[in-house]
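Here are a few exercises to work through with the model open beside you. Try each task before you read its solution.

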Amino acid sequence: MALEKITRVSGRAVFVPGNDIDTDRIIPARFMKCVTFDGLGEFLFYDVRKNADGSDKPQPLNEARHKGARLLLSGMNFGCGSSREHAPQALQKHGFRAVIAEGFAEIFLGNSTTLGMPCVTAGREDIARIAAAVEADPATEVVIDLVARRVSFGAQTAQVSIRESVRDALVHGRWDPIGELIEGAADAGKVAGSLPYMSL
Amino acid sequence: MAKTLFDKVWDAHSVRTLANGQTQLLVGTHLIHEVTSPQAFGMMRDLGLKVAMPHRTFATVDHIVPTDQVSEPYADPLADAMIKELRRSCREFGITFFDRSTGKQGIVHIVGPEQGITQPGTTIACGDSHTSTHGAFGAIAFGIGTTQIRDVLATQTMALGRLKVRRVEVNGRLRPGVYAKDVILHIICTLGVNGGTGYAYEYAGEVFDRFSMEERMTVCNMSIEGGARAGYVNPDETTFAYLKGRPYSPKGEAWEAAVARWRLVASDPGCAYDDVVKMDAADIAPTVTWGINPGQGVPITGAVPDPARAATEDERSSIVEALAYMKLKPGAPIKGTKIDVAFLGSCTNGRLSDFQEVARFIKGRRVAPGVKAIAVPGSQGVGLICAELGIDKIFREAGFEWRNAGCSMCLAMNPDKLVGDQVCASSSNRNFKGRQGSPTGRTLLMSPLMVAAAAVTGSVADAREVFAVSSN
């Protein structure tokens, strides 16, 4: 199964400020009563974007000038809480291709990587600079270069960091590990055979 | 060389190193439920894959089950479709399913231990972040996403990077009226909601040595709320006594051999940790959250924080955001906050001892007028024992609704939900915005007895005063 080698992600960006944005906020549980991930994009950040009556809140994600954004900017501990893959799935189905934040929760980071959606970490000041550039001109092309570990926006650049195992998997097109895991089946069987509880 | 339990279990389950440097880790026990698995089964079908070791996956249904309706079809057609989908997939792939008809159904993190499936020295994965619960037995247990569920189904392995280990030691004696829930809320408030990112927490010290298995599970359960993907307690006699005689526990000679192995899996004396944190049990008070993440809590004697007194700009903005959502006033005592709903249950606090402890104190008391109080056993097994002991009756007589097993109001994927901006005193694990089903609903996390104290007084109260608690 040949996967895309993800070395760069580019597009418009939108800033969803705040720390500890949890997966319940990214996709409220009531939209998870489904047996496929199709259609989740519509409910992304639903309660952040919508009032109780379904009308739009004043929120960057609702603004026409940010429509079509492919990169999401946020704060610390993004994606904390539930392990629901519905969260990165909803982001991806909504059109996002990468997240730049000050930090990520562990499970969210892993889930996103497995979907080929890079999560890269940048300093607060750098994220503020990108956000300011996007605010000034929402059409600003933001480019994450995973090889150079750099993000460029307009004439500016900033360093980003990314966990090496994640970066490796993305740039070499092995972010979905199923093929490799299947290759290791015989070895897995041996390890299982060495553990008495596995045969009970 | 002296090793931690984490390293021993990791090494024993390592299959090989993958190209990107992660480990292909054998998952000894795989637990699944109806919400995060159907898409994984769909991927299996799309790829034409078979389940590698079907006898090592166990399923139950918990998130979407209505706790006030037993017969199918469920009133909610989406929920009904999900349970039928799980039933179909389990049949198709040969997986044991603890369906409601078996009498063994319940919240996945309560069923695993109850059945003796959760054992020391094992690796466990489940598509639910509270899988860390199973670490109470000295297992390394991870919450995983749906694509990883597919990986585990197809290969009984997953790709994962090794975690660092932080030993969190709590010594001394807990004061009367202070419970396991308060211990973990205190740990999270102290180390932060992302303080554990990249770590597994090893909980140790005199408090954990004395804790029952159910208390250990309450603490390990909320490891993820502190950012730690796994949390564990070294197995000891308490662990072995709990497991003896359970349906999936080893029997006869195999039992003796298993206990001998389990003793060896505990962290070695003198092993090195990436970090060590020590806390004094006497510093822990009954704790209540006032905000929108589990790290925003205060002792019951404390006050809602004032953003003007925040140490950093981050802290200030977090407090402002939380108070705006919670509609609480800076500096107001947390005690006395009016509540509308009291929820007792969840994978954090839906076990037998939780209901036993509350029953001891609410006998003869009444839920305050205007408060909706529900008690939801975490499994059919817990419900059955409560019925045998007359605990359900004590709750009903006190004015609680006594329900059937499920996740209930913890995450509101079922009919148990907050309405509007109701305030809920909850024994669950998350107080995120909208968590309990209403986009404006407000959650205050606390121990089961504190939930009961709030239920009978109609506002957040000090259970030690309400129930004259003098000893645990």
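## Exercise 1: A helix and its neighbours

Task: In this predicted model, find which residues of helix H2 (residues 38-47) of chain B are buried, and which helices these buried residues pack against.

Solution:
- Step 1. Start with burial, for which a residue needs 20 or more other C-beta atoms within 10 Å of its own. In helix H2 (residues 38-47) of chain B, the buried residues are B:Pro38, B:Gln39, B:Ala40 and B:Phe41.
- Step 2. Now look for their partners. The buried residues of H2(B) pack against helix H3 (77-93) and helix H5 (146-155) of chain B.
- Step 3. Check what follows the helix. H2(B) is followed by B:Gly48, and the phi of B:Gly48 is positive, near 65°.

## Exercise 2: Describing a helix pair

Task: Describe how H2(B) and H5(B) pack, starting from the angle and the distance between their axes.

Solution:
- Step 1. Two packed helices are described by the angle between their axes and by the distance between the axes. For H2(B) and H5(B), the angle is about 55° and the axes are 8 Å apart.
- Step 2. Put the angle into a class. Angles of 65 to 115 degrees count as roughly perpendicular and those under 35 degrees as roughly parallel; H2(B) and H5(B) are therefore oblique to each other.
- Step 3. Add the handedness: the crossing of H2(B) past H5(B) is right-handed.
- Step 4. List the residues that make the contact. H2(B) brings B:Gln39, B:Ala40, B:Met43 and B:Met44, while H5(B) brings B:Thr146, B:Ile149, B:Arg150, B:Leu153 and B:Ala154.
- Step 5. Sort the contact residues of this pair by character: six are nonpolar, two polar and one charged.

## Exercise 3: Two domains in one chain

Task: Locate the domains of chain B and work out what domain 1 of chain B brings to its contact with domain 2 of chain B.

Solution:
- Step 1. The domain assignment of chain B gives domain 1 as 5-265 and domain 2 as 286-466. Taken over C-alpha atoms, their centres are separated by 24 Å.
- Step 2. Count the contact residues: 40 come from domain 1 of chain B and 38 from domain 2 of chain B.
- Step 3. On the domain 1 side, helix H4 (108-114), helix H6 (180-191) and helix H8 (213-221) of chain B each supply at least two residues. H6(B) gives the largest share of that side, six residues.
- Step 4. By character, the domain 1 side that touches domain 2 of chain B has 18 nonpolar, 14 polar and eight charged residues.

Note on methods. Residues are numbered from 1 along each chain as its sequence is written. Chains are lettered from A and ligands numbered from 1 in the order in which they are written. This is a predicted model: local features need pLDDT of at least 70, side-chain atom pairs count only at pLDDT 80 or more; totals for chains, interfaces and linings use all residues. Domain bounds come from an automatic or database domain assignment. Two residues are in contact if their C-beta atoms, placed from the backbone, lie within 7 Å. Helices (H or I, at least four residues) and strands (E, at least two) are DSSP runs, numbered from the N terminus. Ala, Val, Leu, Ile, Met, Phe, Trp, Tyr, Cys and Pro count as nonpolar, Asp, Glu, Lys and Arg as charged, and the others, Gly among them, as polar. A residue is buried if 20 or more other C-beta atoms lie within 10 Å of its own, exposed if 12 or fewer, and partly exposed in between; C-beta atoms are placed from the backbone. Axes are lines fitted to C-alpha atoms, for helices over the stretch in contact, and angles run from 0 to 180 degrees between N-to-C directions. Angles under 35 degrees count as roughly parallel, over 145 as roughly antiparallel, 65 to 115 as roughly perpendicular and the rest as oblique. A crossing is left-handed if the near helix is turned anticlockwise from the far one by less than a right angle, and right-handed if clockwise.
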